[in-house]
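Reader: I'd like to go through this one with you, question by question. Before we start, what do you mean by buried and exposed?

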Amino acid sequence: MSDSPRRLITIGQLAEYAGVTIKAVRVYHDRGLLPEPPRDESGYRRYDAQHAIQLVKVKTLADAGVPLARIRELLAASPDEFAAAVAEIDENLRRRAEEIRRTRRRITQLQAGDRLFVSPEVAAYLERLRALGIGERTLGLEREIWILLQAVSPDRAAEWAADKLAAIEDPSFQSLYRDYDAAFDWSPDDPRLPELAARTRKWFDSRDPEATTAPPPDPTITRLAAASVSAYSPAWTRLAELTRPTNRTGP
């Protein structure tokens, strides 16, 4: 192409040759990346070969992930400056890619439900309860309490989770847990509660002391957990009273 009017091209033709949209060409004009030619007698802008070459360079850098704010710098850089700038941009892209991977892992955890705010051990325990037929409402309360326990004492929470995973394999404990789940909606005066409380005390009292090395929960956390439970189930609050002095809020 030459400066002859017959060999100059329109913005539409320029965009087509470079494989971009007319809107992109105008954006590059606004960013100072592509010189904007004057209008001809008909009021149209006409582009020559140098515009096309410049546009291809801009598009190549943009397609490679170079931010538009850095393209002008790279186009004017020496070979060494260009290499250094590209290395910097590549490192920034690597960091962004890692951030995206971390975000995607978090999204996967969101989809996983129980695994979002709890440890893998606690999530495994909740999954085991679900497999035993424990209702989602009870599982939700369990999960909330574990979130609290892990936030306050993550090291101990790991030991408590291991203890629970071991206990849930005991058929007697499974039976107790199912009955607690069923008792959620009972009246606090239900005549079945004393018998369930007695079974609970018997299970804990008969358990081999060496079967668990988990430390007792902090009293403050125990009270917070009990308050959380009592806000949902008066029957569970009554069970906690009936199982004293151990004062457990449930299996």
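Author: Buried means under 20% relative accessible area, exposed means over 50%, and partly exposed is what falls in between (1.4 Å probe, protein chains only). What we have here is a predicted model, where local features need pLDDT of at least 70, side-chain atom pairs need 80 or more, and totals for chains, interfaces and linings use all residues. Numbering starts from 1 along each chain as its sequence is written, and side-chain values use heavy atoms, with hydrogens and water left out.

Reader: OK, overview first. How many helices and strands does the chain have?

Author: Helices (H or I, at least four residues) and strands (E, at least two) are DSSP runs, numbered from the N terminus. Going along from the N terminus, each element is an α, as in α-α-α-α-α-α-α-α-α-α-α-α. The tally is 12 helices and 0 strands.

Reader: What share of the chain counts as buried?

Author: The chain has 251 residues to go through. Sorting them by relative accessibility, the share that counts as buried is 33%.

Reader: And among contacts with a separation of 6 or more, what part comes from residues 24 or more positions apart?

Author: A contact here means heavy atoms within 4.5 Å. Take the contacts in the chain with a separation of 6 or more, then pick out those between residues 24 or more positions apart. That part comes to 60%.

Reader: Let's zoom in on I168. Is it buried or exposed?

Author: I168 sits in the loop between α8 (154-167) and α9 (171-183). Its relative accessibility is 0%, so I168 counts as buried.

Reader: Which residues does I168 contact, leaving aside neighbours within four places in sequence?

Author: L132 is a good one to start from, since its C-alpha atom is 9.4 Å from that of I168, with their positions 36 residues apart along the chain. With the sequence neighbours set aside, the residues in contact with I168 are Y125, R128, L129, L132, F173 and Q174.

Reader: Q174 is on that list. Which residues does Q174 itself touch, beyond four places in sequence?

Author: Q174 is part of helix α9. At 13% relative accessibility, this residue counts as buried. Not counting residues up to four places away, Q174 touches R128, L132, I168 and E169.

Reader: On to charges. How many salt bridges turn up in the whole structure?

Author: A salt bridge is a side-chain nitrogen of Lys or Arg within 4 Å of a carboxyl oxygen of Asp or Glu. One of them joins E36 and R45, at 2.9 Å from N to O. E36 is partly exposed at 46%, and R45 is partly exposed at 21%. The search of the whole structure gives 17.

Reader: R101 forms a salt bridge too; who is its partner?

Author: Look within helix α5 (residues 79-112), where R101 and the partner sit 3 residues apart, about one turn of the helix. R101 is partly exposed, with a relative accessible area of 42%, and the partner counts as partly exposed at 24%. The closest N and O atoms of the pair are 2.9 Å apart, and the partner is E98.

Reader: How about D190: which residue does it pair with in a salt bridge?

Author: D190 lies in the loop between α9 and α10 and is buried at 13%. Its partner counts as partly exposed, at 44% relative accessibility. The closest N and O atoms are 2.8 Å apart, and the residue is R192.

Reader: Which residues do shared salt-bridge partners join into one network?

Author: This is a separate spot to look at. Follow the salt bridges that share partners, and the ones joined into one network are R70, E73 and E88.

Reader: How far apart are the C-alpha atoms of D190 and A235?

Author: Along the chain, D190 and A235 are 45 residues apart. In space, their C-alpha atoms are separated by 8.0 Å.

Reader: Now helix packing. At what angle do α10 and α12 cross?

Author: Axes are lines fitted to C-alpha atoms, for helices over the stretch in contact, with angles from 0 to 180 degrees between N-to-C directions. The axes of α10 (residues 192-206) and α12 (residues 234-242) come within 9 Å and cross at roughly 50°.

Reader: Which word describes that arrangement?

Author: Under 35 degrees is roughly parallel, over 145 roughly antiparallel, 65 to 115 roughly perpendicular, and the rest oblique. The contact uses L193, P194, L196, A197 and R201 of α10 with A235, R238, L239 and L242 of α12. By the angle, α10 to α12 is therefore oblique.

Reader: And which residues of α12 make the contact with α9?

Author: The axes of α9 and α12 come within 8 Å and cross at roughly 130°, so these two are oblique to each other. On the α9 side we have Y180, D181 and A183, and on the α12 side A235, W236 and L239.
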